[in-house]
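User: Hi! I'm new to this one and could use a hand finding my way around. Can I show you what I'm looking at?

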Amino acid sequence: MKNSLVYILILLALPLYAQTTEVTISGKVTDVWETPIPDANILIKNTQRGTNSDAQGQFTIQATTGEILVISSVGFGPVELFVDGQMKDLKVVLSPQTTKLREVVVQKKKRKRQKELLADYQENTNLIKTSFGILDKDRSSASMRFVEGEDLINVGPDFLTSLKNHIPGMRVVRPPHNDVPDVEVYLRRIAYADSASSPKAIFDVDGMIFESTPTYLSSSDIDRLVVLQRNAAISRYGPRGIGGVIIVNTKGKNRMDEMGIVRRYDNSEMRDSLYNIFDSKNSYAPENPEYMDVFGRATSHQEARALLKTHAEAYASQPYFFLDLAQYFRGRWDDQKTANQLLKDVRQMFGQNITALRSLAYSQETLGQNDQALETYLQILLQDSSAPESYVDLANAYVALGNREKAAEVYGQYNDQVKNGSIPESAEINRLFNLEPQELGLFGKLDSGTIEPSAKSTTRIVMAWSHPEINLGIQIINPESQYRTWNNSENKEGLATAQFFFEEEPQGEWQVNLQYFEGTYTYLRITAYFDYGLPSQHQKQMLFKLSPDYQGNHLFSINTQKDSIIE
């Protein structure tokens with residue numbers, strides 16, 4: 001009887017063991033585009049057992065039937081699977097997870113003007129004076145190495161001997177080594193096969209740029225210096241900065257600044273052989289956002305539409321997502337309907353965002369959608385009536401549609417705002433209205449603006465940028481390789497626009513380059529007027545998206561002989 005009872009208990013227990021069989025689970029974790037997800041977490045729920053996927057998204061784990069497998073990864077929603085006997089070659093797809101913030105408070109930090117930065121120079125050790133103005137490390141995303149003069153020791157023939165101890169990999173080649181006639185400096189991050197082809201560093205000393213090394217300076221002469229390499233140097237100094245830039249502020253110059261002595265360097269007519277490098281046309285290209293990389297891999301229009309549907313919610317707070325995708329669908333798939341709908345979405349979703357609306361209007365103008373651009377500029381004026389640019393853009397939108405009478409009315413509204421003190425008076429703004437002098441109530445010849453033209457000026461360039469709080473530097477090179485530079489800190493009225501005039505002589509190709517850009521995503525609208533002021537006047541518009549990280553500097557060229565633009 002006792003043996004029979006034991007036998008019955010064993011029989012009852014057997015099914016229980018059969019239901020908890022240990023199995024080997026294997027599979028692959030991918031996203032919705034079948035891209036492998038490495039280091040995904042694979043855990044047995046309510047236990048300490050788990051593993052991670054490898055670089056190809058593959059994983060293997062032991063589990064018991066009846067347990068629950070949880071697969072998750074940062075940025076994706078988790079997936080739970082019930083463990084049964086058939087768990088080989090699983091294909092686990094994780095979907096992107098969107099996190100909504102309850103509240104975000106953005107505190108605007110006002111960009112200081114050059115005069116304010118100069119006043120802060122002695123106390124703020126993150127400032128350096130350059131030939132293009134004062135550079136603020138706190139406002140720049142570029143990497144730069146600051147060295148205080150007091151940290152340099154008076155050893156060797158010049159300050160370079162001590163500087164080498166602060167800059168890893170820096171090489172100083174002195175005559176007669178390698179048959180070099182002068183002292184040459186090479187920085188670490190540029191590696192070439194032989195020293196003959198390796199680009200050497202250039203120097204910016206108290207606002208003057210030198211190809212030769214300033215060996216006349218000793219360590220005791222230096223108040224502060226900064227070393228720029230790679231993109232930090234190229235974005236500000238163009239191709240001549242490819243070997244790096246060493247910026248030096250001397251104690252003598254700083255004493256002059258403290259005494260109020262103004263010392264200006266005019267490089268506008270300097271001929272510099274280094275600028276011949278621009279002949280290679282290293283075209284500007286903004287950094288691609290991550291979502292554009294995803295769309296770039298789409299192999300069909302249907303797939304691209306599906307990606308738009310899955311990504312639209314995740315990027316609902318980013319106007320440039322919609323602007324970028326409008327250009328993408330128009331250019332890649334010739335899908336005008338989707339592109340136009342995306343532009344409409346910007347106006348509806350970001351109706352309170354002036355920067356987004358300006359970017360939208362610039363896009364509409366460039367596409368020839370003048371009616372839609374007019375509607376957008378009307379919306380901007382209602383919300384930003386204190387900005388002179390709002391009146392200029394609206395008036396010129398009416399001119400583009402042939403309604404000059406309405407454009408003159410907008411100028412009248414602007415003039416009324418100036419008279420009652422709501423808007424500061426600005427002669428520069430008057431010159432930006434595309435109206436005749438009699439229509440503006442002005443008489444006499446329109447004067448030049450930012451760069452003085454000669455009496456024969458026939459080509460005019462007007463630039464406008466959608467975000468006012470940026471740092472922008474432009475370089476113009478004439479057909480004889482003479483150059484002049486401009487940056488928006490020179491615009492004393494704080495306008496988000498500037499104009500330039502190209503002389504008739506010398507005729508030929510003028511290059512316009514981005515000398516540097518600092519700030520958030522911004523649309524730069526370029527309007528070129530040929531035969532400016534003549535009955536044969538005609539124009540062309542271009543649009544550039546400026547991003548904090550970018551490659552190349554060349555924006556476009558203008559041939560004043562052929563009245564044409566070379567992009």
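User: To start, which residue in strand 24 does T527 stand opposite?

Analyst: T527 stands opposite Q541 there. Keep in mind that this is a predicted model.

User: And how do strand 23 and strand 24 run, and how many bridges join them?

Analyst: They run antiparallel, and 9 bridges join them. Strand 24 covers residues 538–546.

User: What about strand 18, in which sense does it pair with strand 23?

Analyst: Strand 18, residues 459–465, pairs with strand 23 in the antiparallel sense, over 6 bridges. In that pairing, V462 stands opposite T527.

User: Is strand 23 mostly covered or mostly open?

Analyst: Mostly covered: across residues 522–530, 9 of its 9 residues are buried. On one side you'll find T522, L524, I526, A528 and F530, and on the other Y523, R525, T527 and Y529, every one of them buried.

User: Why do they split into two sets like that? In general, where do side chains point in a regular strand?

Analyst: They alternate between the two faces of the sheet in a regular strand.

User: Switching to helices. Which elements do the buried residues of helix 11 pack against?

Analyst: Strand 23 is one of them. The others are helix 9 (336–349), helix 10 (354–366), helix 12 (388–400) and helix 13 (404–419).

User: Which residues of helix 11 are buried?

Analyst: A373, L374, T376, Y377, Q379, I380 and L381.

User: How far does helix 11 reach?

Analyst: Its 14 residues, 370–383, reach 20 Å from the first C-alpha to the last, close to the 20 Å expected at 1.5 Å a residue.

User: Back to sheets. What order do the strands have in the open sheet of 5?

Analyst: The order is 20-19-22-26-27, with antiparallel pairing. The twist averages 20° from one strand to the next.

User: Which strands stand at the edges?

Analyst: Strand 20 (483–487) and strand 27 (564–566). Each has a single partner strand, so one side of each is left without a neighbour in the sheet.

User: How many bridges pair strand 27 with strand 26?

Analyst: There are 3 bridges, in the antiparallel sense, and strand 26 spans residues 554–559. S557 stands opposite I566 in strand 27.

User: Last one: what is the mean pLDDT of the chain?

Analyst: It is 79, and 78% of the residues reach 70 or more. Over residues 189–195 the pLDDT is below 50, though this stretch has 12 contacts in the model beyond near neighbours in sequence. Residues 437–457 are also below 50, with 37 such contacts.

Methods: Residues are numbered from 1 along each chain as its sequence is written. This is a predicted model: local features need pLDDT of at least 70, side-chain atom pairs count only at pLDDT 80 or more; totals for chains, interfaces and linings use all residues. Side-chain values use heavy atoms; hydrogens and water are left out. pLDDT is the predictor's confidence in each residue, from 0 to 100. Contact means heavy atoms within 4.5 Å. Buried means under 20% relative accessible area, exposed over 50%, partly exposed in between (1.4 Å probe, protein chains only). Helices (H or I, at least four residues) and strands (E, at least two) are DSSP runs, numbered from the N terminus. Two strands pair if DSSP finds at least two bridges between them. Axes are lines fitted to C-alpha atoms, for helices over the stretch in contact, and angles run from 0 to 180 degrees between N-to-C directions. The expected span of a helix is 1.5 Å times one less than its number of residues.
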